[in-house]
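Work through these exercises with the model open. Try each task before reading its solution.

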Amino acid sequence: AEASRHAAAAKMARKDADAAAEKGDAAGARSAAMRAAGAESEAAAVVAKTAASHKKDKLSEEDQEMAAKRLVELTALGAAANDDKNLAEAATAVAAAREARQRAEQAASRAATDPKAVETAGTAANEAAQAAAKATLVANRVQKDDGTSDSTKASVLIYASNAAAEAAKAKMSQYEAASVQARKQAEDAVIESDAAKAEKAALDAAGASNEAQTLLRQLEEDSANNDNTLADARAMARRILENQQQADAAKFAAAAAQARKNAQKAADQGDVTTAEDASNDAVEAELGVLELLSSVEADEAASNDHKAKIAQAAARTTEDRQLADAAKFAAMAAAGKRDAYEAAKRIDVDGAASAADSAAQGEEGLLELSALVQADSATSDITRDAIRTAAIKAGEDRSAADAAKLVAAARRARQEAEAAAKEGDANAAEAFANAAADAHAGVTEMVEQMSNDASKTLADKLNVAEAQTRDEARLAEAAKFVAMANLAKAAAQEAASKGDMYKCAEAASDARTAEAGALALKKDTDADASAPEATKKGINAAAKKTTDARRIAEAAKCAAMSAAARSDAQKAAEEAPLAPNADAAMSLAEKAGEAEDTVEEALKQIQDILSNLRNDKSVSNETKVAIAKYAQPIIEDRHLAEAAKLAASATAARRAAEEAAENGAMQACAAARQAFHGLDHDATQLRELTDADPSLSAASKANVADAADHVAAERRVAEAAECAARAHAARKEAVDAANIRDVDAAEKAVSEARDADEIAQAILEEARAAGGPLVPLVEKHAKKAQEERILAEATLLAARSKKAPESIEAVDIGKTEISKALGDMKELEAIAMQRSPEVRDEVSAFKGAIDADYASVKDIVVPDKAALASEVISKAATLASGTRAAREKAERCARQNDEEGARIAADLAQEKANALAALDDEVSKSNWYDDSTKQKVHEYAKTAAEEARRAATAVSDLAARRAAEVLAAKKKAEEEAAAKKKAE
């Protein structure tokens with residue numbers, strides 16, 4: 001009974017140990033195990049005591065049998081108690097392992113917040129392992145105990161297996177805690193953007209996951225583990241794997257975050273290389289997390305929550321990569337801006353352009369990236385705003401870089417323009433000035449197009465760049481004007497040395513243009529309060545240089561203009577004698593006069609220039625000397641041009657006199673000859689002035705003297721021509737007088753011809769005494785005057801012969817006069833035989849005419865005046881009758897309202913009246929009709945005129961009547977219309 005009680009106690013304790021093991025109550029299990037051990041010990045003591053008493057006591061065989069039977073029973077109870085003790089001990093190990101496993105699981109569950117959770121889980125796992133080892137020891141011991149029943153051995157093995165499973169779960173919990181903590185650290189590293197920390201955490205998570213997978217494989221290989229154990233292990237391994245994957249995702253996200261931070265820091269410092277490296281790191285991180293996301297999404301065992309977490313990490317990584325890219329592009333823009341400013345300071349145009357291109361690439365990259373993220377709904381608003389802000393900032397950096405590039409270009413253009421100006425290369429200077437102006441225009445356009453949302457920094461930079469490029473453009477333009485002026489000056493000097501007035505004038509005009517441009521630029525710059533003093537001084541100096549160059553160019557132009565004009569005047573004077581007619585010669589004389597005016601203008605201009613130089617102390621001596629050397633040649637040109645003009649004018653006047661003489665235009669001839677009064681005076685005065693001026697060369701003085709002599713020679717030719725013209729006119733007057741048989745007028749004309757001949761002969765003697773190439777012309781005109789005088793005398797004789805036939809009543813007297821004229825003509829014919837054939841022929845013709853006049857006297861018949869009077873009166877009466885008939889028809893048509901017929905009749909009446917008026921005029925002037933005839937014809941004419949007037953009146957009255965009728969009809973129509981309108 002005692003043994004049964006102890007065995008029962010051991011069984012109860014074993015049951016309590018099992019119950020504690022189920023709950024993982026290690027303390028309860030140990031307490032139960034201790035009770036079981038005590039009960040087993042008590043049971044063993046009872047068995048031992050009983051066995052000892054049996055040996056000690058002398059029992060009967062029957063009692064011995066009974067005792068042996070009871071001892072067997074006792075031994076069985078002791079063995080049962082021992083089994084329960086062993087089972088309780090094994091259960092205690094299971095309870096300890098299970099409790100440790102639970103503590104490990106609890107530690108794993110708070111691993112995300114408890115820094116010591118992994119350590120706690122490790123301790124629990126170790127305790128679970130020790131408990132499992134203890135259970136194994138118990139099992140091994142029991143297996144060796146022959147007194148232990150097979151069922152107990154089997155149960156102990158199960159307990160050992162359960163303890164081992166709990167130990168494995170505890171180890172899994174330790175790995176899970178490690179993976180959770182590693183994942184948490186990786187996630188914290190993402191927030192901290194600590195890639196190294198995240199990397200280490202990911203490695204820790206990977207280590208825990210690898211250990212868990214190894215342990216899982218061991219458990220799967222151990223057939224002793226049941227399905228529940230394996231399912232739990234697999235679930236824990238899955239969670240550990242997911243923690244590892246989330247840690248990896250966090251690692252990539254942290255790498256991207258750190259790369260983003262590095263890129264942004266590099267962008268702030270303008271470190272493109274570092275920013276690019278960081279951007280590449282972010283790209284690698286993104287590729288890694290995307291690859292991880294792809295594998296997780298392909299894993300059917302992965303939970304949706306796990307996939308969402310990986311996707312979230314991938315999205316964050318992508319955004320960090322986008323921000324890193326944005327930082328990289330921003331760094332490119334910032335570096336481009338910085339490098340462009342540094343290049344602009346060095347005036348490195350290529351460097352500035354390259355930097356601006358880099359900035360533009362940065363902006364372009366950000367714009368493309370911004371467009372992508374704006375279109376991507378998965379991108380957060382924060383990232384969108386950040387990238388959009390970065391794009392705006394990059395745009396401003398690009399604008400600033402472009403402005404710096406233009407500043408560099410303007411500075412380089414200004415330098416090149418100044419260098420070109422020094423070398424006298426105006427084309428290059430202009431090209432570079434244009435380039436500087438283009439640069440300024442570019443910056444100005446940027447300022448004008450600048451958005452209202454632009455930052456103050458950008459606005460300040462663009463305004464500064466605009467001012468800088470404006471100054472550089474002004475200086476470059478000033479250099480261009482200097483180069484243009486110097487080139488024009490050199491061209492003017494060269495053209496002046498070659499006598500090319502047009503090129504010289506063009507060059508001087510170019511110099512004036514350059515000076516005007518420089519002065520306008522100076523005025524504009526001086527008026528600009530914001531322009532630096534250095535710029536103003538530089539432009540002022542350039543303007544002075546252009547003014548000096550312009551003065552020298554204009555002086556050279558004056559000299560060239562003077563020389564060319566003097567040459568033109570001399571050429572005109574040389575060509576005037578060869579001109580085809582007087583008009584051409586006069587044109588040449590006018591050309592020479594214009595040339596002289598040009599020389600005068602050139603002299604005035606250079607005198608003005610010299611006067612301005614004396615008043616301007618800022619002009620260098622070099623400039624003054626260069627201008628002064630052009631003055632003396634112009635002074636000589638003025639004398640020579642005037643001399644040439646006088647010579648040409650004298651020739652033109654002489655040619656005009658000759659042509660007028662040839663054409664018989666006496667007034668024109670006299671006017672041409674009178675022109676020599678002024679020409680002679682001017683030529684003499686010019687000779688005196690030239691001879692008195694010691695600064696003039698001997699060649700110039702000789703040239704002026706030759707011109708004066710030429711004017712005198714031309715005057716003699718003109719005077720001789722005028723004499724010839726007078727003689728010719730006198731001869732024509734004699735001819736006209738002879739034609740009307742006015743002998744007195746003919747005698748007067750012959751007297752005029754004789755005077756002209758005498759003067760011409762005197763001029764010829766003067767010309768021969770003076771000599772020269774124009775003497776033959778004087779001889780020609782003197783000879784012409786003499787011949788005209790001879791012809792005039794012949795004409796006079798012919799006139800005398802024609803006078804007789806006018807008196808029909810004195811035919812005999814006429815015959816006597818004609819005979820006398822024939823005698824005088826024979827004497828004149830003898831003189832004419834010594835002259836030209838034309839004169840001889842004409843004198844012979846006159847003689848023949850006189851012979852004919854004499855012959856015609858015999859045939860003169862006096863007309864019948866009475867017949868003529870009857871004929872003319874009849875003609876007048878007929879015209880008067882026709883006029884009256886036309887008037888009557890006009891009145892008749894007017895009464896019939898035939899306006900056209902009336903007008904035709906009136907025109908006919910007027911026509912006949914006009915014819916009669918003409919007949920009246922003819923009769924009244926004729927000597928063949930008596931007064932009675934003239935009176936009758938006049939009366940007919942008056943009557944016809946009255947008839948024509950009445951016919952015209954009839955037509956006008958008809959027209960007036962018709963007009964009145966039209967007006968009345970119109971008025972009536974208007975009244976009817978008004979009445980109708982009123983009625984309506």
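Helix axes here are lines fitted to C-alpha atoms over the stretch in contact, and angles between N-to-C directions run from 0 to 180 degrees. The model is predicted.

**Exercise 1.** Classify how helix α20 and helix α21 pack, starting from their crossing angle.

Solution.
- Locate the pair: α20 spans residues 698-739, and α21 spans residues 743-770.
- Take the geometry: the axes come within 8 Å and cross at roughly 165°.
- Apply the cut-off: angles over 145 degrees count as roughly antiparallel.
- Therefore α20 is roughly antiparallel to α21.
- Add the hand: the α20 and α21 crossing is left-handed.
- Sort the contact residues of α20 with α21: 17 are nonpolar, none are polar and 8 are charged.

**Exercise 2.** Do the same for helix α18 and helix α19, and describe the residues that meet.

Solution.
- Locate the pair: α18 covers residues 631-663, α19 residues 666-692.
- Take the geometry: the angle is about 160°, with the axes 9 Å apart.
- So α18 runs roughly antiparallel to α19.
- The hand of this crossing is left-handed.
- Pick out contacts: the α18 side includes His639, Leu646 and Arg654, and the α19 side includes Cys669, Phe676 and Asp682.
- Sort the contact residues of α18 with α19: 16 nonpolar, 3 polar and 3 charged.

**Exercise 3.** Is alanine 671 buried, partly exposed or exposed?

Solution.
- Place the residue: alanine 671 sits in helix α19.
- Read its relative accessible area: 44%.
- Apply the cut-offs: buried is under 20%, exposed is over 50%.
- So alanine 671 is partly exposed.

Notes: Residues are numbered from 1 along each chain as its sequence is written. This is a predicted model: local features need pLDDT of at least 70, side-chain atom pairs count only at pLDDT 80 or more; totals for chains, interfaces and linings use all residues. Side-chain values use heavy atoms; hydrogens and water are left out. Helices (H or I, at least four residues) and strands (E, at least two) are DSSP runs, numbered from the N terminus. Angles under 35 degrees count as roughly parallel, over 145 as roughly antiparallel, 65 to 115 as roughly perpendicular and the rest as oblique. A crossing is left-handed if the near helix is turned anticlockwise from the far one by less than a right angle, and right-handed if clockwise. Contact means heavy atoms within 4.5 Å. Ala, Val, Leu, Ile, Met, Phe, Trp, Tyr, Cys and Pro count as nonpolar, Asp, Glu, Lys and Arg as charged, and the others, Gly among them, as polar. Buried means under 20% relative accessible area, exposed over 50%, partly exposed in between (1.4 Å probe, protein chains only).
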